[in-house]
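Student: I am new to this structure and would like a close look at a single part of it. Could you take me slowly through the packing of its interior, and then through a few residues that deserve separate attention?

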Amino acid sequence: MSGFLSVAILLTGCSGLRKLDNPYVFSERTALYAAGSKTDKSDTFAQNLCVISEDVASQDSKVTAEAAAVFDLTKGSVIFAKNPFERMYPASITKTMTALVALKYGNLSDEITVTKAAVITEPGSSLCGIKPGDKVTLEQLLYGLMLPSGNDAGAAIAEHIAGDADAFAKMMNEEAVRVGATGTHFMNPHGLNNENHYTTAYDLYLIFNEALKYPEFRKIIGTDRYTTTYQDKDGNPVNVTWKDTNRYLTGEKKMPQGLTVLGGKTGTTQAAGSCLIMGSSDDSKNEYISVVLKASNHATLYDNMTNILNKIAE
């Protein structure tokens, strides 16, 4: 239980983290893990996971984003953490959970007829371009979700898996609790802003770490460009190529020496700022998860991410 006590100490105001705008009640966060029957506990929580303790709650003037963290999956340790438990908007990093739920409960070969529910009209919304009547597979939708960050793909996935977006959001929240991400609450499958749609840097680590257990998730996020063909409502072929938005993966941004990008997910809204979570590995095949939330712009986002990735070799 020492890990839980460390988290409890951190949440009550240890140096290194500024006071939370929405602090957790520790008893609420750990209610699922309290003494009781086995069914009252989360079997996966704190098993081979990185647990944040006071000594990694650090400050670095070069890390200007609102929250950031680096987790060593091989050692189960936390290399750096800035405001890891602060409530934040995840923007399209939400789609990591959408993909996780889809992979857990769906079949990649499922053929899906896109409905009007997938039409997203919010200005500036990122889309993969599917239209009502199109026939696509779940696998194709997952690439459309994770590479070009298609909000329309997220809506189509939600309807296919759960019937509608609200029911799918419930599944997302149940999965979040299952992996220990109890500071998270989802309202939709794509991350368009909602004041009740939030998470934390630490919870995103937990979710991304769980998703990495699926080989198909690793394959999708590690693909920089995906070309496929599906049918439109009239049976005509639609040829598309989707490009990933992670600049490390596309080669537009250089990874620190000795590190290789595994893939990840970007996210941007006015409320969330510029965000990125991703996996990487070093020359010894040790793996890491790094996350940056609410950077001021895309350039600053990648500067922040490079700064925290450099801490792996320190």
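Tutor: What follows starts with the whole chain, goes on to the interior and one pair of helices, and ends with single residues.

Please keep in mind that this is a predicted model. The protein has 10 helices and 9 strands, and buried residues make up 54% of its 314 residues. Among the contacts with a separation of 6 or more, 63% are between residues 24 or more positions apart.

The largest nonpolar core holds 68 residues, and those that touch the most other members are Phe-71, Ile-130, Leu-142, Ile-157, Phe-217 and Leu-293. Helix α7, which spans residues 201-211, gives the most to this core, with 8 residues. Another core, of 21 residues, lies apart from it, and its members include Ala-65, Met-255, Leu-276 and Met-278. Helix α7 itself is mostly covered, with 11 of its 11 residues buried. The buried residues of α7 include Tyr-202, Leu-204, Leu-206, Ile-207 and Phe-208, and also Asp-203, Asn-209 and Glu-210.

Leu-142 leads from the core to a pair of helices. Leaving out residues up to four places away in sequence, Leu-142 touches Ala-99, Ala-102, Leu-103, Leu-108, Ile-157 and Ile-220. Two packed helices are described by the angle between their axes and the distance between the axes. For helix α3 (residues 95-105) and helix α4 (residues 138-146), the angle is about 170 degrees and the axes are 10 Å apart. An angle over 145 degrees counts as roughly antiparallel, and α3 and α4 are therefore roughly antiparallel to each other. On the α3 side, Lys-95, Thr-96, Thr-98, Ala-99, Ala-102 and Leu-103 take part in the meeting, and on the α4 side Leu-138, Leu-142, Leu-145 and Met-146 do. An α-helix has 3.6 residues a turn, so residues three or four places apart point the same way.

Turning to single residues, Asn-304 belongs to helix α10, which covers residues 298-309. Asn-304 is buried because its relative accessible area is 1%, and buried means under 20%. Its side chain reaches two backbone atoms: the oxygen of Thr-300 at 2.7 Å and the nitrogen of Ala-65 at 3.0 Å. Ala-65, as noted, is one of the members of the 21-residue core. When neighbours within four places in sequence are left aside, Asn-304 is in contact with Lys-62, Val-63, Thr-64, Ala-65 and Val-292.

Two other residues have a positive phi without being glycine. Asn-83, in the loop between β2 (77-82) and α3, has a phi near 50 degrees, and this residue counts as buried because its relative accessibility is 4%. Lys-294, in strand β9 (residues 287-295), has a phi near 60 degrees, but Lys-294 is partly exposed, since its relative accessible area is 40%.

Lastly, the cysteines can be considered. Cys-50 counts as buried because its relative accessibility is 1%, and Cys-275 counts as buried because its relative accessibility is 0%. With a disulfide taken as a pair of cysteine sulfur atoms within 2.5 Å, the count comes to 0 disulfides.

Note on methods. Residues numbered from 1 in each chain as written. Predicted model: local features only at pLDDT ≥ 70, side-chain atom pairs only at ≥ 80, totals over all residues. Heavy atoms only, no water. Helix = DSSP H or I, 4+ residues; strand = E, 2+ residues; numbered from the N terminus. Buried < 20%, exposed > 50% of the residue type's maximum accessible area, 1.4 Å probe, protein only. Polar contact = N/O pair within 3.5 Å; in protein donor to acceptor, adjacent residues only side chain to side chain. Contact = heavy atoms within 4.5 Å. Core = buried A, V, L, I, M, F, W, Y, C linked by side-chain atoms within 4.5 Å. Axes fitted to C-alpha atoms, helices over the stretch in contact; angles between N-to-C directions. Parallel < 35°, antiparallel > 145°, perpendicular 65-115°, else oblique.
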